[in-house]
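Here's a quick briefing to read with the model open beside you. Have the sequence handy too, and follow along residue by residue.

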Amino acid sequence: AGYPINIELEGDDYDELIATAELMRNFINQKNIQGIDELKIDVNKGKPAMEIFVDREKAGGLGVAAGQVGQQLRRAVFGEKAGIYKQDGEDYDINVRFEQGQRETKSALFDQNITFRDQATGRLKDIPLSAVTQRRNTSSFSAIKHRDGKRVVTVYSALAPGFTDAGAIVSQIQSHMDNFEQLPQGVSIDYTGQIEEQNKQMAFLMGAFFTGLGLIMFLLIFQFSSISKPTIIMLAIFLSFIGVFGGILVTGASFVIMMTMVGIISLAGIVVNNGVVLLDYTQLLIDRYQQKHHIEHPQLIPDDIFHDLIIQAGKARLRPVLLTAITTVLGLIPLAIGFNMDFFSLFSEFDPKIYFGGDNVIFWGPLAWAVIYGLLVATFLTLIIVPVLFLMVHQFKGKLLSWFGKHPERKTVIETP
């Protein structure tokens, strides 16, 4: 995934890219952004190198081609396939090259002979490489990296101890880089590394989230044979996000894209379950009332009686909804606070070795807290907002029918004890 802070400069001139990277590194360091460990450049311009020149006049007189010189050096340093070794049905290539000590010794490399057959006499010849080459020590780039056909230089850094939110730090860098005036023409900046991977994860999880909501909506429409009730439940899901983001904002926790989004997706399932439990029982009471009083359409039920039916359903389903929320929150608290226990030592030594924290809470904590924060708000929404919306939709449908003249007159219902 790369470093948490990974800034790529793309262009054609490698010297210009390295110079710009050094200017940019100094510029960012001057801003004293908290959380940056140490900015580094992935290309070293002063790496020792050796340039080898073929004396074409001597090589031509001795019958040696320039390609033979390059091939001989490449064979000695990088090796050449000499055969295939087979074992247990697997094929392994056999590559032959100089030993490491010889590969790092100039005399061993340039005193080796080029063996070939002279085209004029037909005899074998052995010509030392040193006889047809000249060499010069110099410096060069440690590497030349490419991306999408363009040369790339990367400025990167790890996070300082105690910092985990790379996205916030990169956002600060981007805001400061808007004032960087030393960016040459033809050089572009791209923020990659973990941020790029997180953006991919976010896109995937958002797609999975809305795909799941679409399937849930589809199933709820078939279950209720209605659009209004699934819409109310979907609205409760989005309103439950207030709890997730509000909790993160109040506590100052980091928004970990992968696990927080997985928590939000899990929360959607719980909210849907509670909403279905409440509305399904409410609809059951409405159907019973219609059957008892021979009412063909729910809009013919008087508003006060409809209101009482909703309250009755809320009272009946209060305990299941609260128990679902309480058990879920209590079950996630050990995961959220990093409660750890060694069951092996508990049964073998009667010592559970309980401790809090560790790597588990770093990974699973954001998921658990997202569900806890969201569920606290979602429970309130299920018990209060969902019934209110259901009553408002009922009243709105009644007004629509009366506006279009399709609402028959309601009959007064007198219930006898």
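Let's start with one aromatic side chain: leaving aside neighbours within four places in sequence, F245 is in contact with F255 and I264. Keep in mind as you look around that this is a predicted model. From F245 we'll go to its helix, then the cores, then the strands.

**F245 and its surroundings**
- F245 sits in helix α8.
- Is F245 buried, exposed or partly exposed? It counts as partly exposed, because its relative accessibility is 41% and that class runs between the 20% and 50% cut-offs.
- Along the chain, F245 and I385 are 140 residues apart, and their C-alpha atoms are separated by 19 Å.

**How α8 packs on α12**
- Two packed helices are described by the angle between their axes and the distance between the axes.
- For α8 and α12, the axes come within 7 Å and cross at roughly 145°, and the crossing is right-handed.
- On the α8 side, the residues meeting α12 include I232, L235, L239, G243 and I248.
- On the α12 side, those meeting α8 include Y373, V377, L381, I385 and F390.
- Sorted by class, this contact has 16 nonpolar, 6 polar and 2 charged residues.

**The nonpolar cores**
- Which residues touch the most other members of the largest nonpolar core? Those are I233 and I237, in a core of 47 residues.
- Helices α7 (194–224), α8 (228–251), α9 (257–293), α10 (303–337) and α12 (359–403) each supply at least two residues of this core.
- The most comes from α9, which gives 14 residues.
- Not counting residues up to four places away in sequence, I233 touches L220, F224, V272, G275, V276 and L279.
- Another core of 27 residues lies apart from the one that I233 belongs to, and I7, I33, L159 and Y191 are among its members.

**H394 in α12**
- H394 is found in helix α12.
- H394 is buried because its relative accessible area is 5%, and the cut-off for buried is under 20%.
- Setting aside neighbours within four places in sequence, H394 is in contact with P298, Q299, I301, D303 and F306.

**Strand β10 and its partners**
- How many of the 8 residues in β10 (residues 150–157) are buried? The count is 6, so the strand is mostly covered.
- Strand β1 (residues 5–11) pairs with β10 in the antiparallel sense over 7 bridges, with I7 opposite V155.
- V155 also has I41 standing opposite it; 2 bridges join strand β2 (residues 40–41) to β10, and these strands run antiparallel.
- Strand β9 (residues 145–147) pairs antiparallel with β10 over 3 bridges, and R147 stands opposite K150.
- β9 and β10 make a hairpin with 2 residues between them, where D148 in the turn has a positive phi of about 55°.

**The β4–β5 hairpin**
- Strands β4 (residues 80–87) and β5 (residues 90–96) run antiparallel and are joined by 7 bridges.
- One pairing to look for is I84, whose bridge partner in β5 is D93.
- This hairpin has 2 residues between its strands, and D88 takes a positive phi near 55°.

**K125 in β7**
- K125 is in strand β7 (residues 124–128) and is partly exposed, with a relative accessible area of 26%.
- The contacts of K125, not counting residues up to four places away in sequence, are L62, I114, T115, F116 and D118.
- K125 and I305 are 180 residues apart in sequence and 111 Å apart in space, C-alpha to C-alpha.

Conventions. Residues numbered from 1 in each chain as written. Predicted model: local features only at pLDDT ≥ 70, side-chain atom pairs only at ≥ 80, totals over all residues. Heavy atoms only, no water. Core = buried A, V, L, I, M, F, W, Y, C linked by side-chain atoms within 4.5 Å. Buried < 20%, exposed > 50% of the residue type's maximum accessible area, 1.4 Å probe, protein only. Helix = DSSP H or I, 4+ residues; strand = E, 2+ residues; numbered from the N terminus. Contact = heavy atoms within 4.5 Å. Axes fitted to C-alpha atoms, helices over the stretch in contact; angles between N-to-C directions. Left-handed = near helix turned anticlockwise from the far one by under 90°. Nonpolar A, V, L, I, M, F, W, Y, C, P; charged D, E, K, R; others polar. Pairing = 2+ DSSP bridges.
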